[in-house]
Structures are given as structure tokens and as C-alpha cells.
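Work through these short exercises on aromatic rings. Try each task before you read its solution.

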Protein chains: 2
Amino acid sequence: MSNPAIICVAITGSVPTKADNPAVPVTIEEQVESTHAAFEAGAAIAHCHVRDDEGKPTSDPERFARLKEGIETHCPGMIVQLSTGGRSGAGRARGGMLPLAPDMASLSVGSNNFPTRVYDNPPDLVEWLAAEMQAHGVKPEIEAFDLSHIFQAKLMKDRGELDGTPYVQFVMGVKNAMPADRRVFDFYIETVKRLFGEDAPWCAAGIGRHQAELNDWAAQAGGHLRT
Amino acid sequence: MSNPAIICVAITGSVPTKADNPAVPVTIEEQVESTHAAFEAGAAIAHCHVRDDEGKPTSDPERFARLKEGIETHCPGMIVQLSTGGRSGAGRARGGMLPLAPDMASLSVGSNNFPTRVYDNPPDLVEWLAAEMQAHGVKPEIEAFDLSHIFQAKLMKDRGELDGTPYVQFVMGVKNAMPADRRVFDFYIETVKRLFGEDAPWCAAGIGRHQAELNDWAAQAGGHLRT
Ligand SMILES: [Zn+2]
Ligand SMILES: [Zn+2]
Ligand SMILES: [Zn+2]
Ligand SMILES: [Zn+2]
């Protein structure tokens, strides 16, 4: 609890569009400026998605390269975390940006339901993404959409597929996945400490209307924050 | 704890074959005889899968009808529970036997990983299966392969998609899903009681080498058993 919280800023998720909110930064230039503002306000990690020319989520490595370069130039020392999430691509295309060797990348290690579909992360794809991250020295952020995903990180660590202490993010408030539930949140923390040690880092992200609530819980409990 | 445990017997899973173990009952006649023996030994619920002529899992309603009729004839009063699990079929074919109006049917309400693939239960299919069960007066057994699946049962109950108190089965020990972990098992029970009341029923199934362990835990904690 004595360490200052690390703030992770998710500049542009994969879901909102300009039509939903004209203030959402979508071009690389807008994203870099928005990240810069968050960096000056204290954010230490930039969690990054990119969009194509129509504003749709993409895994295009060339766009990720421009965003990474822009953040590194404008925000020296900021940790760049690129998303390998399934809303932006399918199969191994999701990891096509990993040779850019960002500091971190998100890694989903299990499957779960999303509001209208299955969020598919087949075991062989998860293992391939983890191997690519090891090969390029990228630290994964384990996206825990459910409790078993924390245990999966333990299994992968024991098999040598994850280096160091896993960094787990609890994702709560996605419809048809895990709701924002305080008892579960506390059990997630207990589980991380039991599997990875008292000092294991963790962070939490509340989706949509749950964002402020999860940030409160994480700040109280000594975790890192996603804003 | 004062109620006697209900024993559920899974006569033939969807995975083992005669090649693995020649004693596995695979024909309808073998399954009925095996269920009869378990019934006489005290089993109250028969959890049923069926196989095609090659011994492969199927959702064929005609085979389910023959198995149901055989159990009803040989084991009067036994509760017949038919599987709508995804190893036996795809899409709505998984629920093709529900018009037989068995006492119960299994219902997976979320998605998760299995040893080599994604166990796909898309939200629209889950809702359709639940609606078919309501239409035919079939009591679902909610298959909880992960913690969020218990919360999903609560959401479905609140939306009127499940009648009465949900009957949840904890499934543990499937590789790449939830391992057999005693703290999680206790948290599952706590969650069922919190969401559905102190007297809400639950049962537990340990897969493969975890079967005996889960039965011990369930017997100690006042749950029903799957053998
Ligand atoms: Zn700048
Ligand atoms: Zn993201
Ligand atoms: Zn008989
Ligand atoms: Zn089954």
C-alpha cells in the first residue's frame, strides 16, 4: 500500500467510435496528443489500440509502429502496452505487432462470453502469443475476464511460458462475463497473492459505467489503475 | 448438512471410448443396465450422454428418447438429466432432445477453454437453450466451469430466463478451465448462497483424477455428488 499507484491510460478502446463521442481520439496524431496529456497528468502506462482509416479496430503493425514511435518521442519513459485483443483481429494477426518489441502487450489466456459473442482465445493461439512475447522481450499484462484466467497464468508460468511474476489485470463489468462485484474483486486479489506472492502487482479495469468504481476499489486495495 | 446428499451418476461421459476402457457403457442397452446398477446402489439422478453407432458423442434425439425410456422403465423415480453439452453437437442441435421433456438437462451459460479448444456457448444459443427448457418444463443444471458462470445464472434468473432456484454444478479439473482448488470450491459455495440463498442446492464434479477429491469436498460441505 506504500507504493504509489501506477496509472495506466487506455487512450482509445476498441469499441467507442467518433459517432458515439466526437472527443474519442482515433487518428494516430490524436492518440499521441491524448497520451501526452495523460502522461503529463501522471499516467505511467499507455494501453494502446489502433484504428483503420474507417475508424474500425485493427491489428495493423504499421499503425502500431507509428503510435509507439509517437508516444516514445512525446512521452519519454512512458511504458507502451499494445493490445493483442480479439476485437482488433483474428488468429495470429493479433500478435503481428509483437516484433516491434513494445514494453508490454495485453494477453488474454482464456475464453469467455462478451455481450453478443464468444471472446475466442484458443489454447494454441494463447501459447503462440506468449511465445512471441518471450521472443521479443515483451512483458504480458494478463487480462483476467474470469477467475480461471488467473490460474491459467499460474499454469503458464509453471510451464515456463511467462517470465517473471505475472502482471494480472482484473476486467469487470463486461456483460455476460464477470460483473463488477466487490467480493469477487477481493477474492481476485487474494488469489493473485496466493499464487504469485504478497508483492505481486495487479491492476483493475471497470468497463463503461464501472470504471470509476473499479478505480476506487483498486486505489483502496493497493492496485494499479486503468483510466 | 442434514439433508442426505443426492448422488448423480454420469453413466457415459462424452470423452471416453471403448478403446480407452472396454467397460465404458456405450450402447443404449449397456447404459440402461449400468444406470440401473447405480440406481440400486442409491444414485438419484442419471446424467446422460449418448453415442452414435461408431461410439462418437451425438445429440440425436431418437437415441436420447430410447435411453430416457429405458431408464424410466428400469429405474422408476430416477431423475433423468440429458446433456446439451457442446461435445455432442453444434448450435441448436445441442437442444434437439429438449422436446422429450426430461426432468433435467445440463445448461452451459458461458464460454471457456477446454484442453485443446474453446468450449463455445454464445449468448444467443444459451438463451435459446434456456427458453426451450422453460417451454418444455425442463429443470436446467447450470454447468459452472468458471466463477462468472454462477453470476450469469443470477443474471438469467433476474431476466426471467430460469425458473425457481438455479441448480449449479461446479466443474473442476478440466485443463485450461478451472483447476480443482479448494479455496475456489469454498468461494463457489459462498457465491451460490449469496446469490441464491442459504438453502440453494449445488453439486460438484471433478474431472478425471479429480473425481474422488471433489466428491469428498462436496460430501463434507453438504453438496450433491457426481460419480
Ligand atoms: Zn506531445
Ligand atoms: Zn484494450
Ligand atoms: Zn434393469
Ligand atoms: Zn456431461
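The exercises below use a predicted model.

**Exercise 1.** Classify the pair formed by the rings of A:Phe170 and A:Phe185, and find where the two residues lie.

Solution.
- Step 1: Over all chains, the count is 17 aromatic pairs.
- Step 2: The ring centres of A:Phe170 and A:Phe185 are 6.1 Å apart, and their planes stand at 90°. Planes over 60 degrees apart count as edge-to-face, so this pair is edge-to-face.
- Step 3: A:Phe170 is in strand 10 (residues 167–172) of chain A, and A:Phe185 is in helix 5 (residues 182–196) of chain A. The pair therefore ties together parts that are 15 residues apart in sequence.
- Step 4: A:Phe170 and A:Phe185 are both buried.

**Exercise 2.** Do the same for B:Phe170 and B:Trp202, then decide whether each is buried or exposed.

Solution.
- Step 1: This aromatic pair has 5.3 Å centre to centre and 15° between the planes. Planes under 30 degrees apart count as stacked, so B:Phe170 and B:Trp202 are stacked.
- Step 2: B:Phe170 belongs to strand 10 (residues 167–172) of chain B, and B:Trp202 to strand 11 (residues 202–206) of chain B. The pair thus links parts that are 32 residues apart in sequence.
- Step 3: Buried means under 20% relative accessible area. B:Phe170 has 0%, so B:Phe170 is buried. B:Trp202 has 3%, so B:Trp202 is buried too.

**Exercise 3.** Which ring does the charged end of A:Arg87 sit over?

Solution.
- Step 1: In chain A, the ring is that of A:Phe114, with the charged end 4.4 Å from the ring centre.
- Step 2: In chain B, the charged end of B:Arg87 sits over the ring of B:Phe114, 4.4 Å from its centre.

Conventions
Residues are numbered from 1 along each chain as its sequence is written. Chains are lettered from A and ligands numbered from 1 in the order in which they are written. This is a predicted model: local features need pLDDT of at least 70, side-chain atom pairs count only at pLDDT 80 or more; totals for chains, interfaces and linings use all residues. Side-chain values use heavy atoms; hydrogens and water are left out. Rings of Phe, Tyr and Trp (its six-membered ring) pair if their centres lie within 6.5 Å; planes under 30 degrees apart count as stacked, over 60 as edge-to-face and the rest as tilted. Helices (H or I, at least four residues) and strands (E, at least two) are DSSP runs, numbered from the N terminus. Buried means under 20% relative accessible area, exposed over 50%, partly exposed in between (1.4 Å probe, protein chains only). A charge sits over a ring if NZ of Lys or CZ of Arg is within 6 Å of the ring centre and within 35 degrees of the ring normal.
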